[in-house]
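Reader: I would like to go through this structure with you, starting from the whole chain and ending at single residues. Could you take my questions in that order?

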Amino acid sequence: MSELAILGGPSAVRRPIGAYRSIGDDERAAVDRVLRSGCLSGFYGSPGPEFFGGEEVQRLEREWERRYGIAHAVSVNSATSGLFAAMAAIGISPGDEVIVPPYTMSATVVAPLLYGGIPVFVDIEPRTFCIDPDLVEAAISPRTKAIVAVNLFGHPAELERLRNLADERGIFLIEDSAQAPLGAENGRPCGTVGHIGVFSLNYHKHIHSGEGGICVTSDAKLARRLQLVRNHGENVVAEENDDLSNMIGFNYRMSEIHAAISSVQLDNAERHVSLRERAAAILADGTRDLEGWTVPHVRPGCRHNYYMFTVRLDDEVLGVSRGTFSRALAAEGFPNEVGYVQPQYRLPMFRKRKAIGKDNWPFSLTDRKYDGVLCPVAERLHEREVLQFQVPSWDVSDDVAAELVAAVRKVHRKRGELKRLDNR
Ligand SMILES: *Cc1c(COP(=O)(O)O)cnc(C)c1O
């Protein structure tokens, strides 16, 4: 009998890994405090102090500002709402081009469409999976209004370089930092280098309140526009002071309960993230030497929060397919997935150039097409190389991390036995 679990042997990870729970007594106490107050939301969609939300919402925002060292935090009910609000705030207008990476969650790339913006997909660089600044530079056209950089898997995009480029060209840099709380580049936190940064507090992220999001900016005008879009801005805009364009308001407001939970999560963020960093370090250090298995790259001066521990497999060097390698790892008790999400220009909305109304608006404003392989690096990584372990979901003590290392090394050592499972 083989030693490999997939071929009937004992698994390397002895007990199934438990789920990581970041929600505890402090969150319970915070919810209780709000319930006892009787006020579950302090927002009114009209001029006055209540336009800015209740006590918990404002406490969270001030604390977020303090910890991130940034002038303005505007809470919202999701990062998706935050991205939509950001597009409104920077004044995206019909026909404006917005440069986006293909390897990201769909909200990043559809946000411009709401305001008639045209997403222009620019490929990623293969080591960190973030948008490639050289290609961004080449893609800037006279119609370009903004660049959206995604700090993917918890590692910063080349933020300072992109910000300098944006400033030189007089365009905006928006950071989708949904996955990257506490990630940083040269000591500057992810989310704070662009004109607006957007964080997610949804259930799957490092720190969360179920659903929620935070926008940050150092620009008071942008902060005001974000607040207007968040909360029925049409009732609040001042004719003489505000630019009315894009200021139709939504209800993107965060409830007091979500804000109270988020405050506790923010207080504990360093602890939650560093625990997962520690697990990722054991995993990376224990497997770095294996051929055909490339552990996550961390650019010098950067902090990676390991929202995802993303490995690149080389099936030619391994002599076995990624799918079989992945299944063998799973059988050893190492939960993993192949690929991330498909390159987003493959979404039917782009392929068919149809988003709003029946007349293909806003695609009717551009000749850009979304057919074929727009971004070959993202395609190759997604289809052939990426294998992921979603770190925040799992309770990985040092012992468990050591078992995960053993699982990888075992499958790698005995991969010759997997060839017969390959029906490529
Ligand atoms: C999760 C995520 C979002 C959306 O966050 P929500 O809070 O669920 O709206 C956007 N972008 C990226 C990269 C994400 O991972």
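Reader: How much accessible surface does the protein chain have, and what share of it belongs to carbon and sulfur atoms?

Author: The model is a predicted one, in which local features need pLDDT of at least 70 and side-chain atom pairs count only at pLDDT 80 or more, while totals for chains, interfaces and linings use all residues. Residues are numbered from 1 along each chain as its sequence is written, and side-chain values use heavy atoms, with hydrogens and water left out. By the Shrake-Rupley method with a 1.4 Å probe, where for residues only the protein chains shown count as cover, the accessible surface comes to about 17700 Å², and the share belonging to carbon and sulfur atoms is 50%.

Reader: Why can the protein chain be called as compact as a globular protein of its length?

Author: The chain has 14 helices and 14 strands, which are DSSP runs numbered from the N terminus (helices H or I, at least four residues; strands E, at least two). The globule rule, 2.2 Å times the number of residues to the power 0.38, is compared with a radius of gyration taken over C-alpha atoms. For 424 residues the rule gives 22 Å, so the chain is as compact as a globular protein of that length, its own radius of gyration being close to this at 23 Å.

Reader: What percentage of the residues in the protein chain is buried?

Author: Buried means under 20% relative accessible area, exposed means over 50%, and partly exposed lies in between, with a 1.4 Å probe and protein chains only. Of the 424 residues in the chain, the buried ones make up 58%.

Reader: Which two residues touch the most other members of the largest nonpolar core?

Author: A nonpolar core is a set of buried Ala, Val, Leu, Ile, Met, Phe, Trp, Tyr and Cys residues joined through side-chain atoms within 4.5 Å. The largest such core holds 75 residues, and its largest share, eight residues, comes from helix α3 (residues 79-89). Beyond its neighbours within four places in sequence, Ile 196 is in contact (heavy atoms within 4.5 Å) with residues including Ala 86, Ala 89, Leu 173 and Cys 215. The two residues that touch the most other members are Ile 99 and Ile 196.

Reader: Is Phe 325 buried or exposed?

Author: Phe 325 is found in helix α11, and its contacts, leaving aside neighbours within four places in sequence, include Trp 293, Leu 313, Val 320 and Val 411. From Leu 313 it is 12 residues away in sequence and 9.1 Å away in space, C-alpha to C-alpha. At a relative accessibility of 0%, Phe 325 counts as buried.

Reader: Which peptide bond is cis, with omega of about 0 degrees?

Author: Most residues other than glycine have a negative phi, and most peptide bonds are trans. In the loop between α12 (348-351) and α13 (376-385) lies Pro 362, and Asn 360 has its place in the loop between α12 and α13 as well. Asn 360, although not a glycine, has a positive phi of about 65 degrees. The cis bond is the one that joins Trp 361 and Pro 362.

Reader: What is the relative accessible area of Tyr 306?

Author: Tyr 306 is found in the loop between β11 (302-303) and β12 (309-313), and it has a positive phi of about 55 degrees although it is not a glycine. Tyr 306 is buried, and its relative accessible area is 11%.
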